[in-house]
Amino acid sequence: MLIDTTLREGAQLFGAYFNLETRKRIASSLVAMGVDEIELGWVGQEDLDLFAAYAKSLEGKTAFSVWSPCREKDIETAGKLGLKRINIGVPVSDLHIEKRLRSDRQAILRKLAAAVRTAKNCGFEYISVGLEDISRADGNFSLSMALHAEVCGASRVRLADSLGQLTPLAMEKLVNRFKDKVNIDIAVHCHDDFGMATANSFTALEAGADYADCSVIGIGERSGIAATEELVARLTLREGSSRYSTAVLKEACMLVGKAAKVAIPRTKAVVGTDIFACESGLHTHALSKSPELFEPYDPESVGTARKLAVGGKSGRAAVRNALDEYGIDCGTDSLSTLTEAVRQLSLRLERPLTRSEFIKLNDEEVYS
């Protein structure tokens with residue numbers, strides 16, 4: 001199951017500022033997508049009370065949560081929002097415990113117990129404890145923190161690879177170890193510092209994790225985290241899950257990209273404008289026979305369309321297909337000449353030809 005944290009982790013992206021109206025639109029699109037939980041923001045965020053009230057008015061099965069540091073005062077503030085879920089962050093690496101908090105392991109265990117107790121007293125029905133920087137922490141201490149959280153009454157532990165250190169194999173081992181010992185839900189939070197966030201998150205789910213964090217177009221601190229659209233597409237289009245809707249992925253990504261001032265690469269997985277564009281002779285010819293030969297899923301399933309063009313990489317078959325598509329009759333004798341003309345013009349322009357350019361070139365070749 002997916003926890004979308006675009007509005008918490010994603011909003012921490014350098015230079016990203018989401019006003020209340022934008023946050024409402026993002027939340028609505030995520031509910032329409034069917035994500036299992038939306039992390040609405042963090043304690044102290046501007047207008048969080050208004051936003052939480054709006055989110056609770058949305059119809060759907062999505063749960064809503066808020067993030068809080070492991071401080072009783074902040075948890076009490078979160079309790080006033082009227083949400084049922086809270087995510088409490090607590091570091092487990094000695095590096096963070098000693099240098100950031102200037103504390104020790106025993107004090108962190110006591111702090112965790114007090115935080116969970118406070119959350120229960122505030123009326124939270126589902127308490128999640130995020131074990132931060134777990135990939136650089138002592139494994140035995142991390143596990144003891146998870147077990148301590150369970151004993152104190154937590155509903156979930158979230159294993160946070162805060163600096164993107166893990167590989168899929170290491171993630172599988174980590175999840176298996178915690179699944180063997182912990183009897184509450186397990187989530188993962190994977191950063192993308194080495195480009196493995198989505199792969200690590202999917203591997204965690206395959207290994208038995210109950211939840212994986214993600215954000216739209218993967219935005220977050222530094223290089224971000226696992227991408228919501230990639231996980232939704234994989235789970236739906238390849239794994240056969242019916243939990244999520246892929247129809248709204250592109251719209252959601254465009255919305256978040258514009259709001260965060262992040263350009264979406266044209267080759268971006270799932271939502272890039274050119275991921276179903278082709279001018280290669282071999283591939284174009286194959287697509288004309290059977291799209292599944294070179295397409296992993298139907299373009300329409302993610303709100304886009306196939307785009308074929310002729311250019312410097314096109315052969316006779318591709319040019320013939322283009323002629324047929326445009327309803328143009330070209331003799332066999334002219335096909336080779338037209339193909340060469342297409343290649344030369346494309347190489348000069350340094351791009352594929354537009355429809356009008358192709359038709360004009362054909363006319364020039366036929367009637368010259």
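**Exercise 1.** In this predicted model, find out in which sense strand S5 (residues 126-132) and S6 pair, and over how many bridges.

*Solution.* Start with the direction: S5 and S6 pair in the parallel sense. Then count the bridges, and you get four. For a spot to look at, go to Val129, which stands opposite Val157 in S6. Now follow the chain: from S5 it passes through helix H6 (residues 139-152) and on to S6, and this β-α-β crossover is right-handed.

**Exercise 2.** Work out how many residues of strand S6 (residues 156-161) are buried, and which side chains share a face.

*Solution.* Buried means under 20% relative accessible area. With that cut-off, six of the six residues in S6 are buried. Next, sort them by face. In a regular strand, side chains alternate between the two faces of the sheet. Here Arg156, Arg158 and Ala160 sit on one side, with Val157, Leu159 and Asp161 on the other.

**Exercise 3.** Move on to S7 (residues 185-190) and find which residue there is the bridge partner of Ala160.

*Solution.* First, the strands: S6 and S7 pair in the parallel sense over six bridges. Look along S7 and you'll land on His189, the partner of Ala160. To get from S6 to S7, the right-handed β-α-β unit uses helix H7 (residues 168-181).

**Exercise 4.** Which strands are joined to S8 by bridges, and how many bridges does each have?

*Solution.* Take S7: two bridges join this strand to S8, running parallel, and Ala187 stands opposite Tyr211. Then take S1 (residues 2-4): three bridges join S1 to S8, also parallel, and Leu2 stands opposite Ala212.

How values were computed
Residues are numbered from 1 along each chain as its sequence is written. This is a predicted model: local features need pLDDT of at least 70, side-chain atom pairs count only at pLDDT 80 or more; totals for chains, interfaces and linings use all residues. Side-chain values use heavy atoms; hydrogens and water are left out. Two strands pair if DSSP finds at least two bridges between them. Buried means under 20% relative accessible area, exposed over 50%, partly exposed in between (1.4 Å probe, protein chains only). A crossover is right-handed if, with the strands pointing away from the viewer, the path from the first strand over the helix to the second runs clockwise.
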